[in-house]
Structure formats: C-alpha cells, structure tokens
Amino acid sequence: MQRKKAVIDTAIARADRDQGLLLVLTGSGKGKSTSAFGMMARSLGHGMKVGVAQFIKGRSDTGEEGFFRRDPNVTWHVLGEGFTWETQNLARDSETVQRGWAVAREMLRDPSLGLVVLDEITYPLKYGWLDIASVLDDLAGRPPMQHVVITGRAAPDALIEAADTVTELRDVKHAFRAGIRAQQGVDL
Ligand code: ATP
Ligand code: MG
C-alpha cells in the first residue's frame with residue numbers, strides 16, 4: 001500500500017500544468033451527452049461561461065436545453081435543424097453542416113468561453129460533410145485555456161489522436177431494447 005501511495009503521489013506531483021483540454025466521449029453506450037452536460041454544470045458552478053453547439057438532426061426538447069438556456073452564462077445553438085440526412089442530398093447536407101460549423105468556430109475563437117460542448121459532431125465528420133483537417137485546425141487554434149468536449153459515436157481516429165482525454169462508453173444493456181421508449185429526465 002505504501003509503495004502504491006508513493007507511485008500515486010509522484011504522479012500527482014508531476015501533473016502541475018494548466019491547459020485547455022480537448023475531451024472526446026465516444027462509443028455506443030449511453031452517457032456521452034449527459035457526461036458533457038455534467039462538465040457544463042461544473043464549469044458554470046465555477047462561474048465560467050459555456051457555449052454549446054448541438055449537431056443533431058432535428059430539435060427534440062431536451063431537459064438539459066430547457067435547464068441550461070436560462071443561465072445567462074450559457075450560449076446554446078441547435079445547428080442540426082434542416083439537416084436532410086435521409087434525402088442523401090450530400091451537397092445540401094454538407095452546406096448545412098458548414099454553416100453550423102461556422103457558428104461553432106466563432107465559439108472556438110471566443111476567449112470568454114471557458115468550455116465549449118460540441119454535441120454529436122462525430123456524425124458530420126464520419127459522413128464527410130465536415131472536413132476533419134479544418135475542424136482540427138479550428139480546435140488547435142482555440143484560446144489556450146478553453147476546454148472543448150466532443151460527443152458522438154464513432155469518433156474518427158484523427159480526433160482521438162488530437163484529444164487529451166478520450167472515453168469510450170460501452171453499451172452493456174439499454175432499456176430501449178426491452179421495448180421501453182425514451183424516458184424524460186433519463187433519455188431526453
Ligand atoms: P445521453 O444523451 O443519454 O447521454 P448519448 O449521448 O450517449 O446519450 P446518443 O447516441 O447521443 O447517446 O443517443 C441519444 C439518445 O439515444 C438518448 O435518449 C439515449 O438514451 C439513447 N441511447 C443512447 N445509447 C443507446 C443505446 N445503446 N441503445 C439505445 N438507445 C440509446
Ligand atoms: Mg448524445
């Protein structure tokens with residue numbers, strides 16, 4: 001136990017830098033977005049300003065949006081409205097996502113934001129609507145103390161490579177498969 005404590009103490013003493021972090025929450029298990037919004041609550045609790053960009057297909061009225069939008073330190077954008085994912089109209093989808101990313105990029109250039117949540121951004125990357133190289137450029141150019149949390153299944157390797165902290169959530173069991181629909185407060 002004493003040896004173990006010494007190892008841990010050394011590791012703690014070595015971690016003495018502060019830096020804006022890039023976090024990726026990926027995998028097919030439930031809890032990616034809710035974890036991001038948990039960090040958002042922490043940040044707000046410390047008086048930080050937070051920006052959220054949700055790249056989702058359509059608007060669903062989530063509890064987190066209703067809750068956090070009331071906070072004057074929160075900027076919240078839903079950027080997926082009008083996506084045409086089912087129509088296979090690549091040009092139009094790509095244009096919609098580009099416009100959405102321009103909004104996200106503004107947040108990544110705003111040093112007053114201590115945390116930026118890019119929710120479900122992995123899909124536009126995966127489908128090639130958004131160029132991974134330019135996204136990585138924008139992330140790299142953000143203010144040095146700004147934290148960014150990215151969520152979404154199937155995060156591209158290049159994103160995982162660029163991130164500081166990556167967690168893959170594993171789907172062990174989900175109530176949906178037992179025929180239970182999405183529950184308010186748990187799933188939305
Ligand atoms: P949450 O928002 O609950 O943290 P998530 O961000 O990890 O979930 P998404 O892929 O964004 O997962 O899906 C969001 C919605 O789909 C939520 O209502 C969530 O409960 C549900 N969901 C997440 N994972 C699964 C799964 N493995 N099977 C079925 N439904 C899921
Ligand atoms: Mg999610």
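Which helix holds both Glu95 and Arg99, and how many residues apart are they? Keep that in mind as you look at the close-ups below, which all come from a predicted model.

**View 1. Glu95 and Arg99 pair up within helix 4.** Here's the reply to the opening question: Glu95 and Arg99 both sit in helix 4, which covers residues 90-108. They are four residues apart, or about one turn of the helix. Their side chains meet in a salt bridge, with 3.8 Å from N to O. That counts because the cut-off for a salt bridge is within 4 Å. How exposed are the two partners? Glu95 is partly exposed, with a relative accessible area of 47%. Arg99 is exposed, at 53%.

**View 2. Lys5 and Asp9 make a salt bridge in helix 1.** Go to helix 1, residues 2-14, and you'll find both Lys5 and Asp9 there. Once again the spacing is four residues, about one turn of the helix. The closest N and O atoms of this pair are 2.7 Å apart. Asp9 counts as partly exposed, with 36% relative accessibility. If you'd like to hunt for others, the model has five salt bridges in total.

**View 3. Glu65 of helix 3 reaches Arg69.** Is Glu65 buried or exposed? Glu65 belongs to helix 3, residues 63-68, and its relative accessibility of 5% makes it buried. Its partner Arg69 is partly exposed, with a relative accessible area of 41%. The two side chains meet in a salt bridge, 2.8 Å from N to O. This pair also counts as a polar contact between side chains, again at 2.8 Å.

**View 4. Ligand 1 sits among 15 surrounding residues.** The closest of these are Lys30, Lys32, Thr34, Glu120 and Asp187. What kinds of residue make up the shell? By class, you get seven charged, six polar and two nonpolar residues. Helix 2, residues 32-45, gives the most to this shell, with three residues.

**View 5. Thr34, His174 and Asp187 reach towards atoms of ligand 1.** Start with Thr34: a polar atom of its side chain lies 2.7 Å from an oxygen atom of the ligand. For His174, an N or O atom in the side chain is 3.3 Å from a nitrogen atom of ligand 1. With Asp187, a side-chain N or O atom is 2.4 Å from an oxygen atom of ligand 1. How much of the ligand does the protein cover? On its own, ligand 1 has 580 Å² of accessible area, and the protein covers 80% of that.

**View 6. The largest nonpolar core brings together 24 residues.** If you're wondering where to look, try Trp101, Leu118, Leu139, Val148 and Ile150, the residues with the most contacts inside this core. Several elements give two or more residues to it: strand 1 (22-26), helix 4, strand 4 (113-119), helix 6 (132-140) and strand 5 (147-151). Which element gives the most? That's helix 4, with five residues. As a rule, nonpolar side chains tend to be buried together in soluble globular proteins.

**View 7. Glu120 and Ala154 have a positive phi.** Why are they worth a look? Most residues other than glycine have a negative phi. Glu120 isn't a glycine, yet its phi is about 65 degrees. You'll find Glu120 in the loop between strand 4 and helix 5 (122-126), and it counts as buried, at 17% relative accessibility. Ala154 isn't a glycine either, and its phi is about 50 degrees. This residue lies in the loop between strand 5 and helix 7 (157-162). Ala154 is partly exposed, with a relative accessible area of 42%.

**View 8. Asp18 and Met145 are 127 residues apart along the chain.** How far apart are their C-alpha atoms in the model? The separation is 7.7 Å. To find Asp18, follow the loop between helix 1 and strand 1. Asp18 counts as exposed, with 69% relative accessibility.

How values were computed. Residues are numbered from 1 along each chain as its sequence is written. Chains are lettered from A and ligands numbered from 1 in the order in which they are written. This is a predicted model: local features need pLDDT of at least 70, side-chain atom pairs count only at pLDDT 80 or more; totals for chains, interfaces and linings use all residues. Side-chain values use heavy atoms; hydrogens and water are left out. Buried means under 20% relative accessible area, exposed over 50%, partly exposed in between (1.4 Å probe, protein chains only). A residue is near a molecule or strand if one of its heavy atoms lies within 4 Å of it. A polar contact is a pair of N or O atoms within 3.5 Å; within protein, one must be able to donate a hydrogen and the other to accept it, and residues adjacent in sequence count only if both atoms are side-chain atoms. Accessible areas come from the Shrake-Rupley method with a 1.4 Å probe; for residues, only the protein chains shown count as cover. Ala, Val, Leu, Ile, Met, Phe, Trp, Tyr, Cys and Pro count as nonpolar, Asp, Glu, Lys and Arg as charged, and the others, Gly among them, as polar. A nonpolar core is a set of buried Ala, Val, Leu, Ile, Met, Phe, Trp, Tyr and Cys residues joined through side-chain atoms within 4.5 Å.
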